[in-house]
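I opened this notebook to keep track of what I looked up, one entry at a time. The structure goes in first, and my notes follow.

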Amino acid sequence: MQIAVLTFDGFNELDSFIAAAILNRMRAHGWAAHITCPSEEVTSLNGVTIRRQRPLAFAAEADAVIIGSGSKTREIAADADLLAQIRLDPERQLIGAQCSGTLVLAKLGLIGALPACTDLTTKPWVIEAGIDVIDAPFVAHGNVATAGGCMASQYLAAWMLARGGGLEAAREALHYVAPVGEKTATVAQAIGVVLPFLPVVADAQHRPQAA
C-alpha cells in the first residue's frame, strides 16, 4: 500500500506526521506513507521546513491519499490550477482528509451531499462550500473519510490500516504508538471510532465467534 500524505505550505505537523508515522508501522508488509507536496520544500505553520518525498502527481498513482490541513488551506482550495493537479479516484483509492483538508476534498467534488468532519476553525468555510458538517471526530462513506481535530489523525490512520491490512494490523500499529499504561484503552477507543465505517467483512472479524 503506497500512501500519499498531501502536505502544503503552512501545513500542520500533527496532521501530516502522526498519520504517516502510524501508517509506516506497516513498512515490513510493503506499506509506505510519503510526504507529498507541490514544491520541493514546504514550511509548516510553526516554521518547520521539510523536503518532499514525492511530487504532487504521485497522488494519482497512490493506493491511498490523506489530505492534511494547514494555515493556508483556504488559499489552496481557491487555487484552481493547483486543484487541477490533484487527481484522485475514490473508486480505486482510499481517500482521507484531515481538518481543513476537508475543504480541499469538498472543492475537488469528492464529498458531495455527504456529511463530513472538520476542525472548528474550518467548519464555517466547509459549510459555505455546501457540505453538511457533523459534530464528530471521524466519518467515512465508502472509500472517502474525513476527520476533525489534530489528534483525530490516529482515526484516519486506523481506518486506512483496517481497510488495507485488517483490524489486527490496525491494532498492532496503534498499540505501538499508544501511551504506556494506556495502550489497551487507546487502541479500543480508536478501533471503536472507525469500526462502524468498515466493511461488513472487517466487522465480522471483530465480533466473537458464536458458541
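**Entry 1: threonine 73.** I looked up threonine 73 and found it in helix H3, which covers residues 73–77. I am working from a predicted model, not an experimental one. Is threonine 73 buried or exposed? Its relative accessible area is 5%, so threonine 73 is buried. Next I listed what it touches, leaving aside neighbours within four places in sequence: Ser100, Gly101 and Val104. With serine 100 there is also a polar contact between the two side chains, at 2.7 Å.

**Entry 2: the chain as a whole.** I then stepped back to the protein chain. I counted 10 helices and 9 strands. The C-alpha trace spans about 60 × 35 × 30 Å along its principal axes. For 211 residues, a compact globule would have a radius of gyration near 17 Å, and the chain has 16 Å, so the two agree. Of the 211 residues, 50% count as buried. I also checked the contacts with a separation of 6 or more: residues 24 or more positions apart account for 64% of them.

**Entry 3: the sheet.** In what order do the strands of the open sheet stand? I wrote down S5-S2-S1-S6-S7-S9-S8, which is 7 strands with mixed pairing. Strands S5 (54–55) and S8 (138–141) stand at the edges, and each has a single partner strand, so one side of each has no neighbour in the sheet. Further in, I looked at S7 and S9 (residues 144–147), which pair in the parallel sense over 4 bridges. Helix H7 packs on this sheet and touches S1, S6, S7, S8 and S9. The direction of H7 makes about 175 degrees with that of S7.

**Entry 4: glutamine 98.** I picked one residue from strand S7, glutamine 98. In the sheet, glutamine 98 stands opposite alanine 147 of S9. Its relative accessibility is 0%, so glutamine 98 counts as buried. Setting aside neighbours within four places in sequence, I found its contacts to include Asp15, Ile67, Ala147, Cys150 and Leu156.

**Entry 5: helix H1.** Asp15 from that contact list sent me to helix H1, residues 13–23, where Asp15 is one of the buried residues. The others buried there are Glu13, Ser16, Ala19, Ala20, Ile22 and Leu23. What covers the buried residues of H1? I noted strands S1 (2–6), S2 (32–37), S6 (64–67) and S7 (94–98) among the covering elements, along with helices H7 (153–165) and H8 (167–177). An α-helix has 3.6 residues a turn, so residues three or four places apart point the same way. At the start of H1, a side-chain oxygen of asparagine 12 comes to within 2.9 Å of the backbone nitrogen of leucine 14.

**Entry 6: the cysteines.** How many disulfides does the structure hold? I found 0. To see why, I looked up two cysteines and the sulfur closest to each. For cysteine 117, the closest cysteine sulfur is that of cysteine 99 at 9.9 Å, which is too far for a bond. For cysteine 150, the closest also belongs to cysteine 99, at 5.0 Å, and this is again too far for a bond. A disulfide would need the two sulfur atoms within 2.5 Å. Cysteine 117 counts as buried at 0% relative accessibility, whereas cysteine 150 counts as partly exposed at 26%.

Notes:
Residues are numbered from 1 along each chain as its sequence is written. This is a predicted model: local features need pLDDT of at least 70, side-chain atom pairs count only at pLDDT 80 or more; totals for chains, interfaces and linings use all residues. Side-chain values use heavy atoms; hydrogens and water are left out. Buried means under 20% relative accessible area, exposed over 50%, partly exposed in between (1.4 Å probe, protein chains only). Helices (H or I, at least four residues) and strands (E, at least two) are DSSP runs, numbered from the N terminus. Contact means heavy atoms within 4.5 Å. A polar contact is a pair of N or O atoms within 3.5 Å; within protein, one must be able to donate a hydrogen and the other to accept it, and residues adjacent in sequence count only if both atoms are side-chain atoms. Two strands pair if DSSP finds at least two bridges between them. Axes are lines fitted to C-alpha atoms, for helices over the stretch in contact, and angles run from 0 to 180 degrees between N-to-C directions. The radius of gyration is taken over C-alpha atoms; the globule rule is 2.2 Å times the number of residues to the power 0.38.
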